[in-house]
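Thanks for sharing this one. Here are a few notes to read beside the coordinates.

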Amino acid sequence: MWCSSAGKGAHMKTLLARLSVAAKLGLLVGVLVILIAGASIYFILTGINKDIRFAEQELKGNAYQRPLQKILDLLCQRAALLSTKDNDGAGFDKLSNSIDAAVEELSAIDAKLGEALQFTPEGLKSRQRAQANATAVAQKWRSIKSDKSEKAIAGNASLLADIRTMITHSGDNSNLILDPDLDSYYLMDITLLALPQAHDRLSVIIADA
């Protein structure tokens with residue numbers, strides 16, 4: 001086997017020796033062109049794949065944020081009814097059922113995308129957000145759902161704060177907060193920061209008023 005390899009090597013050297021200087025230069029240029037083209041294609045594909053993964057992560061963040069935004073909106077409506085003591089009618093029960101559905105939707109999307117967005121014990125603990133997870137939210141909701149006492153408003157506000165934290169965590173780990181396009185950045189800023197903050201402030205204003 002060694003003799004065969006050595007023979008092939010000697011044969012290759014003989015062929016190269018027979019080539020003219022122009023042919024050798026042409027061969028060298030050809031090899032360089034192939035290497036440069038290969039490297040260029042590799043970096044282009046790497047960049048494209050990076051952009052695709054970035055966009056895929058953003059889509060996951062959008063999907064995860066939808067039920068969170070629903071819950072946030074519904075909790076603010078619930079705070080208004082609790083504050084005005086209008087919590088014995090069909091409207092309050094309908095609102096509670098809507099929150100039930102949104103919490104179930106959150107649990108379903110968390111089972112699908114939670115790990116990818118670091119809604120894991122380790123991922124949440126690293127950012128000091130251990131309470132901001134779908135399981136804890138569902139448990140807290142069940143514990144305050146039937147509460148119509150004076151403490152109900154505080155429980156509602158606590159759950160609302162957890163939902164806001166989850167929105168922040170989703171944005172941080174889905175690339176939404178890093179959106180490089182100016183037009184979509186402003187949309188991201190509204191949905192991740194401005195709108196949740198406005199919901200929270202309105203809930204507090206309604207409770208105080």
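The points below cover a helix pair, the nonpolar core and one loop residue.

1. This is a predicted model, in which local features need pLDDT of at least 70 and side-chain atom pairs count only at pLDDT 80 or more, while totals for chains, interfaces and linings use all residues. Numbering starts from 1 along each chain as its sequence is written, and side-chain values use heavy atoms, leaving out hydrogens and water.

2. Helix α5 (residues 134-144) packs on helix α6 (residues 152-173) at about 165°, with the axes 10 Å apart. That angle makes the two roughly antiparallel (over 145 degrees). Their contact (heavy atoms within 4.5 Å) involves, among others, Val 137 and Trp 141 of α5 and Leu 159 and Ile 163 of α6.

3. The largest nonpolar core (buried Ala, Val, Leu, Ile, Met, Phe, Trp, Tyr and Cys residues joined through side-chain atoms within 4.5 Å; buried means under 20% relative accessible area) has 32 residues, and Leu 68, Ile 163 and Met 166 are among those touching the most other members. Helix α2 (21-83) is one of the elements giving two or more residues, and α2 gives the most, with 8.

4. Leaving aside residues up to four places away in sequence, Leu 68 touches Leu 106, Ile 163, Met 166 and Ile 167.

5. Do have a look at Asp 147, in the loop between α5 and α6. Asp 147 is partly exposed, at 25% relative accessible area (the class from 20% to 50%, with a 1.4 Å probe and protein chains only). With the same sequence neighbours left out, Asp 147 touches Arg 78, Leu 82 and Ala 152. Asp 147 and Leu 82 lie 65 residues apart in sequence and 9.7 Å apart in space, C-alpha to C-alpha.

Methods:
Axes are lines fitted to C-alpha atoms, for helices over the stretch in contact, and angles run from 0 to 180 degrees between N-to-C directions. Helices (H or I, at least four residues) and strands (E, at least two) are DSSP runs, numbered from the N terminus. Angles under 35 degrees count as roughly parallel, over 145 as roughly antiparallel, 65 to 115 as roughly perpendicular and the rest as oblique.
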